[in-house]
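Biologist: Could you zoom in on one part of this model and walk me through what surrounds it?

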Amino acid sequence: MAATSFHQAIGTLQYSGCFSISNLNQENGNSSFRLISKGFKLSIPLLRTGTYCSRKNSFSNIHASTSQSTVFDPVSSSLNGMTSDSKKKSSEAALILIRHGESMWNEKNLFTGCVDVPLTKKGVEEAIEAGKRISNIPIDMIYTSALIRAQMTAMLAMTEHRRKKVPIILHDEDEQARAWSQIFSEDTNKQCIPVITAWQLNERMYGELQGLNKQETAERFGKEKVHEWRRSYDIPPPNGESLEMCAQRAVAYFTENIELQLQRGKNVMIAAHGNSLRSIIMYLDKLSSQEVIRLEPSTGIPMLYILKEGQFIRRGSPVAPTEAGVYAYTKRLAQYRQRLDEMFQS
């Protein structure tokens, strides 16, 4: 079945995937159904309303378990010849972090925060270059913030991936959005990657500084005060968020949603912002509040982590799509790239 849409008086849920309904249950007045495919199971509540911002009732909270190898593409026909050993559940998954490229307000030296500003031409080029660097790394799911510059970065990066799968933003704003965004082709679904947007991954909200010129603000309030607002851990700008406040929402979302997918064998890419990614890296690398304020993720440069046996291992940044050393970090990443090479050489 190309897509499943279940209609009931209490609501409608649509999930674009190749699944069949195995049973329907109702607990505590909430209806839900379980989707089962060869590779994994999904138990999803049917909601009256919901958005991606909800931590408890959203597609982001899909509880999936996979029985196939983490880093192999389960729908690639060229990979169907894997041995039974390689299809066993893996304890390894890849996590890619990408900070968006230059935005139009970055170019103008303005405080951006949660204002929804697009990329510049340079930002577009940075996103494409980031895609080249990760073109041989498996990606099963993509998470971005609710802001266009992060979403543009994710989409543009995926245009360079060798699997050429199409990133599709899942729309769960209301019943009409779910119904209108259904996909009715099983073959098309197999060539798509779900993109989940979440406001919790947004940039730190800069309050009354948003839209102000950074240099003029420093002259007005003093360089030390502005530096304190920008680089301290727990001091927010006027009516804005501190890094600590940003970290509370970003890390909570990561642990409640994204980390669960990694633990179940999904390879994940996150395209987000300097402060939300800084917060996640603080969690992954177990940094202190003093260490994290000195951390500055580069724009458009992907960072690679491997989750193996419950531990996140930082692998740095892929140098280029042909850099063999990047894919030698784990046997499975090397095997994935080898199979890509075989698929496109044939």
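Modeller: Sure, and one term first: "buried" means under 20% relative accessible area, exposed over 50%, and partly exposed in between (1.4 Å probe, protein chains only). This is a predicted model, where local features need pLDDT of at least 70, side-chain atom pairs count only at pLDDT 80 or more, and totals for chains, interfaces and linings use all residues. Residues are numbered from 1 along each chain as its sequence is written, and side-chain values use heavy atoms, leaving out hydrogens and water.

Let's start with I196, which sits in strand β10, residues 192-197 (strands are DSSP E runs of at least two residues, helices H or I runs of at least four, numbered from the N terminus). I196 is buried because its relative accessible area is 1%. Along the sequence, I196 and P167 are 29 residues apart, yet their C-alphas are 9.9 Å apart in space.

β10 also helps cover the buried residues of helix α3, with contact meaning heavy atoms within 4.5 Å. The cover of α3 further includes β7 (92-99), α2 (121-133), β8 (141-144), β9 (166-169) and β11 (268-272). In α3 itself, residues 148-158, the buried ones are R149, A150, Q151, T153, A154, A157 and M158. An α-helix has 3.6 residues a turn, so residues three or four places apart point the same way.
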